[in-house]
Amino acid sequence: MKDLYQTSLDYCLGILPGHESAEFEALVADDPKIKEILTGAMDDLGLIGQSTPDTNLAPDFRQRILDFAGSGENIDKFPLAISKTSIPEIGHRYSGGGASVDLLDIRDTVKRSAIENIYETMIGFFPFVSGSSVASAGDLTELQEQLSFIPSCPNNIPLASQIPLQHDYWANGTNGDLPSFSLKRTLLTSLPALNFFISKLSSGDGDICDVRRAFYLCRDQLKIMRSCFGDLDKPRLSKDEELRYHGTELLRSKWWGAKHAFFKQTSKASLGHFFDGPVTERCVEYAEYDSNVYSFANLLASMSSDRNFQINLFKDKTPGASLAIFNAPTLDSEHTDIARLFCAPDSTSDEKSRSSSLVQLVLESVCRAFRYTSVSDVLNSRLVGCERVDQTTSLWFAWPVIPDNQGGAVAETSNPESK
Amino acid sequence: MLENGEHIWSRIVNGESAALGELYDALGGILFSLSFRILNDRWESEEVVQDVLSSLWRKPTAYSPQKGKLHSWLLTLVRNRSIDRYRSRSRRKDVVEIDEVILHTKPDLDATNAGDEAEKTDERTALQQAFKSLPDDQQQILDLSYFKGLSHSEIADKTGLSLGTVKSRIRLGVDKLKRILSNLR
């Protein structure tokens, strides 16, 4: 009995070698007495878990958990004209990095300097909002002190609206001006929301929930910038290029009940349907996927009639692709404005130029991911789209699916679910 | 600890979101504290707890009363997933490099607020005190085994102890915690 109890302890601790683990599981399945020893061992080890010191929970954590219980949408609720036919074979699956240029490709030295400054500033800022920082426990003193040294990032944002994109991109997608796209991706995806939360924390209005949001935004911003400019931080980029599957739970963690902002417009994200499984194969691919998510989130955040939007991730609706679908209530005029952006670029005002750029970023990215040569092919294939169902605007983009026989997120140690 | 776990679980199986709230109220703090003890990272610990509770909500039949008490099962899941993340993080040095630039103060692990203190059970207080009262060598071995996920041989290599001594100290530590709980009840 003692040996079985010891084996049970070892099994629960996840330290039994693989073959012994399998043998033990077979014993447990066949003998209720051994199963009882195992559950007893699990209870006993749980006592150690219960002896850990208390740590305060964030005030919004309970609601985030309960919000999840209320989520879940069926794609049929939105009869979108998404592609139902298989995507043409694209050969080796796209796994990111195709948007990368060098900093020297940015000819304007002011803009180049701005990019480097933003990156270095965010590298210095990141530890102060990390999960092991004092700010994450609610003490914002040190963080605010650090923020007083950060130059005003929003000064860099107007640069984005001054960067023209060649209009012939719409006809000939592969002629796109990659340096300009990298610049816009850097300045218009996660950075506006990050600036918003930095300002809020700096002014003393922020709380632990804002620290959390700033953490995720800062982490994403750094990865997006590295994926855009290959020589910005080569050591970290090489880590980003390693094989590491990113699952939908990563998106769920950071967007779940998240406050969001795009320049002056604030909004709130909710989650609908999220399939279980990997979305991308590498950080550098995930950064590009993320920039598409931010692009459509920013677009709806600024145009949603009640400033709320919902994110859904589906799989197997378009063969060979996963789908990210964004929904928000809109007025007729708001939807018309959004839909126009999918027909042609609009630079009649700074605001329209920014919104137009967001659509162009997604089109350009999806075009590359599926090896299409023109934006019109992407739109005709319904891999990116905009539609209205009832009073809701839905935007979506497709992404090359990861086959089912490949792994997901980090593997677990001994799995109680297998007992 | 959660005495009506089976009942709460059966309500979750029936899709009652209020049951998830009750489960969170009873165990959320303990699950988070355990994960934070291992990871020392609030955001990662939140992700672990979210994943575990959302998994239970989405697939409640992954658990059944035959697998033991609900709270023990959840603690095991949280502990194992936290250990996995800890190991994965240790392999990814870039995260360590960014976070190296810091911060000589760390959150107070023993921080509580008055409201939480009142709700903490006598059992949990007793277990916390009992763990602290374990001999240093037992605490060390339990820490390396339970909170760091090291195998017996890795612990033996690290401490210079024999495998048998490592195993017996784990058993002694667990037995003492069981005795404290038994005396309390």
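This is a short tour of a predicted model, one selection at a time.

**Start with confidence**

Colour chain A by pLDDT. The average for chain A is 84, and 85% of its residues score at least 70. Now pick out two helices. Helix H10 (residues 208–228) of chain A has the highest mean pLDDT among the elements of that chain, at 95, while helix H7 (residues 158–161) of chain A has the lowest, at 49.

Next, select residues 166–175 of chain A. Here pLDDT stays under 50, and the model has 19 contacts for this stretch beyond four places in sequence. Then move to residues 407–419 of chain A, where pLDDT is also below 50; this stretch has 36 contacts in the model beyond near neighbours in sequence. Where pLDDT is low, the predicted coordinates should not be read in detail.

**Helix H5 of chain A**

Select residues 109–125 of chain A, which form helix H5. Put a distance between the end C-alpha atoms and you should find 24 Å, which agrees with the 24 Å expected for 17 residues at 1.5 Å a residue.

Which residues of H5(A) are buried? Show the side chains of Lys111(A), Ala114(A), Ile115(A), Ile118(A), Met122(A) and Phe125(A). Look down the axis: these buried residues cover an arc of only 105 degrees, so they sit on the same side of H5(A). An α-helix has 3.6 residues a turn, so residues three or four places apart point the same way. Now turn to the face of H5(A) away from the buried side, where you will meet the exposed residues Thr109(A) and Glu120(A).

**Into the nonpolar cores**

Which residues touch the most other members of the largest nonpolar core? They are Phe326(A) and Val366(A), in a core of 132 residues. Centre the view on Phe326(A). Leaving out residues up to four places away in sequence, Phe326(A) touches Phe296(A), Ala297(A), Leu300(A), Phe309(A), Ile311(A), Ser394(A), Leu395(A) and Trp396(A). There is also a second, separate core of 27 residues; its members include Cys12(A), Leu150(B), Ile155(B) and Val166(B).

**Asn298 of chain A**

Stay in chain A and select Asn298(A), which lies in helix H13 (residues 283–303). Is Asn298(A) buried or exposed? Asn298(A) is buried, because 27 other C-beta atoms lie within 10 Å, and 20 or more is the cut-off for that label. Apart from residues up to four places away in sequence, Asn298(A) touches Pro192(A), Phe262(A) and Leu358(A). For a sense of scale, draw a line to Thr141(A): the C-alpha atoms of Asn298(A) and Thr141(A) are 30 Å apart, with these positions 157 residues apart along the chain.

**Over to chain B**

Show chain B as a cartoon. You will see ten helices and zero strands. Of its 185 residues, 38% count as buried. Among contacts in chain B with a separation of 6 or more, 67% join residues 24 or more positions apart.

Colour chain B by domain: the assignment gives domain 1 as 1–98 and domain 2 as 119–185. The centres of domain 1 and domain 2 of chain B, taken over C-alpha atoms, are 21 Å apart.

For the last stop, select Arg11(B), in helix H1 (residues 5–13) of chain B. Arg11(B) is partly exposed, with 18 other C-beta atoms within 10 Å. Setting aside neighbours within four places in sequence, Arg11(B) is in contact with Glu16(B) and Ala19(B). Finally, draw a line from Arg11(B) to Asp122(B): their C-alpha atoms are separated by 27 Å.

Note on methods: Residues are numbered from 1 along each chain as its sequence is written. Chains are lettered from A and ligands numbered from 1 in the order in which they are written. This is a predicted model: local features need pLDDT of at least 70, side-chain atom pairs count only at pLDDT 80 or more; totals for chains, interfaces and linings use all residues. Helices (H or I, at least four residues) and strands (E, at least two) are DSSP runs, numbered from the N terminus. A residue is buried if 20 or more other C-beta atoms lie within 10 Å of its own, exposed if 12 or fewer, and partly exposed in between; C-beta atoms are placed from the backbone. Two residues are in contact if their C-beta atoms, placed from the backbone, lie within 7 Å. A nonpolar core is a set of buried Ala, Val, Leu, Ile, Met, Phe, Trp, Tyr and Cys residues joined through C-beta atoms within 7 Å. pLDDT is the predictor's confidence in each residue, from 0 to 100. Domain bounds come from an automatic or database domain assignment. The expected span of a helix is 1.5 Å times one less than its number of residues. The arc is that of the directions from the helix axis to the C-beta atoms.
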